[in-house]
Amino acid sequence: MSWKKSEMLMDTIKHYSSFPATGVSLRQMVQFGERPSTGTLFKASQFLSEELPIRLAHRVQELGDLPDGLNDMPSIKKVQDWYAQSFEEITTLPKPLLSKDVRDQLMKPAKLNGKHSKILAEVTNNPSVKHGQYASNPWRNGNGNANGETKKSNARRYFATVDDTLDWPPELHDYNQRFADTLNTIKRRHDSVVTTVAQGILEYKRKRQRMQIDNNIQSFLDRFYMSRIGIRMLIGQHIALTDQSHNKDPTYVGIICTKTNVRDLAQEAIENARFVCEDHYGLFDAPKVQLVCPPNLHFMYVPGHLSHMLFETLKNSLRAVVETHGQDKEDFPVTKVVVAEGKEDITIKISDEGGGIPRSAIPLVWTYMYTTVDTTPSLDPDFDKSDFKAPMAGFGYGLPISRLYARYFGGDLKLISMEGMRGNSGFSAPTTQGLTMRWNSKQMNLKSSSREVSERKQVGDAESMVNEGSNASGRQGFFGGEGGEV
């Protein structure tokens, strides 16, 4: 039996959507998740049981208010129902009845070295993002809503560890597992959101007979996908902490790796991108990629996010090289990946000799559903359920989504083109495409096909994080945030 939303549910969602989201820093997540006990997990579940419905409600409302008939597209309505159903499942999950002693115990903060632990989120602005650029609520930019009412920021915080000197009742263990199972169900339901929304945009373009989407829809997609990153970050982290409370990898705190090895991830992304290139073009040997990176360069990050960005930019580079020089060429120019570590940033530069793109076309690179491929492949929601990774090219989502991942963590992704740069025999051509990422206090510059992108990452939550970045040494930043909910 298919799920249907009720009028009462939509009224509740509308009420929740009037509240701003609460930012959570990477540092808070790591410090909190160092000891994922029953008590701390339960306290975090209480935060998420309030925070996630607010973020989900924002998305339901915005999907229903899209202009020019976009909200009537079948795929958009399907995604809106997914968010509404997830909202209902979280808000209706029965909570355990706790005694006064247990409630008091949950309120006692843990002590570190005899002192109560306090986590302060110190953040810095992300210079690549305008204030409120990813804000999803109308009052976020002007401190007021459509009726002129002032909205106060939410005082709720991502909870710190609690005093675990006592045994917890079985009701808490049971609730923690039920809550994690509910989050896992929601996460699986939303695996295909990116491709389904993309299908909705295609439906809209065909119905309206439009070649490109306008700025309003582009801004909506930026906010929507940034919000999705933040929601999945919170959900994925809690699920991982619940699992790690039984079996813990010392280098991981949830899905955050405290010692992410840049060289290993870059090498893996290179191999994956070359494999996809060979398969797509029927090549015996894809263009070579030279990696220059210190072998022991580590920093705290989410490996899955870095892998995604590296893979997408490398894939673009290899495609540009092959199509510029021809599939029959026996010896392609080498694409270079250079990683540099500075005092504040880690920079990954990906440079190729793929011919570049006209300057007038650079803004289009960041437009969703824009692609230079002649025929857009059919969208299969089940192709990749963890992230949007097109087989080789054709959907126009690789760079826009990668830039959101970069900005979500306080960084950015920029593209610089050297049109006509194809390389000559005996001549080492400068990079034609590149990316620069900045995280916390480290910057990465990535260069990929004939364009150059610079990404500055901090760590954060889409909107909050994007607008407030992170601190390198503290490796903070916002994950959760307001504004694009990010």
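Which residue in S8 does Lys336 stand opposite? In this predicted model, Lys336 stands opposite Ser351. I shall return to that pair of strands shortly, after a few words on the protein as a whole.

The chain is built from 14 helices and 11 strands. Of the 486 residues in the protein, 60% are buried. Taking contacts between residues at least 6 apart in sequence, 76% join residues at least 24 apart.

Let me begin with the strands. Strand S7, residues 335-341, pairs with S8 over 6 bridges, in the antiparallel sense. The two are joined as a hairpin, and the connection between S7 and S8 consists of 4 residues. Strand S8 covers residues 346-351, and 5 of its 6 residues are buried, so S8 is largely enclosed by the rest of the structure.

A further group of strands forms an open sheet of 3, in the order S3-S4-S6, with antiparallel pairing. Strand S3 (252-253) and strand S6 (298-301) stand at the edges; each has a single partner strand, so one side of each lacks a neighbour in the sheet. Strand S4, residues 256-261, is joined to S3 by 2 bridges, and these strands run antiparallel. Within that pairing, Tyr252 has Cys257 in S4 as its bridge partner.

I turn now to the aromatic residues. The model contains 10 aromatic pairs. One of them brings together Tyr225 and Tyr368: the ring centres are 5.5 Å apart and the planes stand at 50 degrees, so this pair is tilted, falling between the 30 and 60 degree limits. Where do Tyr225 and Tyr368 lie? Tyr225 belongs to helix H9 (residues 215-244), while Tyr368 is in the loop between helix H12 (362-365) and H13, so the pair ties together parts that are 143 residues apart in sequence. As for accessibility, Tyr225 has a relative value of 2% and counts as buried. Tyr368 is likewise buried, with a relative accessible area of 0%. Both residues belong to one aromatic cluster, formed by Tyr83, Phe220, Phe224, Tyr225, Tyr368 and Tyr397.

Next, Arg403, which is placed in helix H13, residues 398-408. Is this residue buried or exposed? Arg403 is buried, yet has no salt bridge. Its nearest side chain of opposite charge is that of Asp222, 4.6 Å away; the cut-off for a salt bridge is 4 Å, so this distance does not qualify. Arg403 does, however, lie over the face of Trp366, at 4.4 Å from the ring centre. Apart from neighbours within four places in sequence, the contacts of Arg403 are with Trp366, Asp412 and Leu413. Trp366 therefore appears twice in the description of Arg403, once as a contact and once as the ring beneath the charge, by the criterion of 6 Å from the ring centre and 35 degrees from the ring normal.

My last residue is Gln80, in helix H4, which spans residues 74-91. With a relative accessibility of 10%, Gln80 counts as buried, because the limit for that class is 20%. Which residues does Gln80 contact, leaving aside its neighbours within four places in sequence? They are Lys5, Val60, Leu63 and Gly64. Glu62 is 18 residues from Gln80 in sequence, and the C-alpha to C-alpha distance between them is 9.0 Å.

To close, I would draw attention to two places in the predicted model: the tilted pair of Tyr225 and Tyr368, and buried Arg403, which has no salt bridge but lies over the face of Trp366.

How values were computed. Residues are numbered from 1 along each chain as its sequence is written. This is a predicted model: local features need pLDDT of at least 70, side-chain atom pairs count only at pLDDT 80 or more; totals for chains, interfaces and linings use all residues. Side-chain values use heavy atoms; hydrogens and water are left out. Buried means under 20% relative accessible area, exposed over 50%, partly exposed in between (1.4 Å probe, protein chains only). Lys and Arg count as positive and Asp and Glu as negative; His and the chain ends are not counted. Contact means heavy atoms within 4.5 Å. Rings of Phe, Tyr and Trp (its six-membered ring) pair if their centres lie within 6.5 Å; planes under 30 degrees apart count as stacked, over 60 as edge-to-face and the rest as tilted. Two strands pair if DSSP finds at least two bridges between them.
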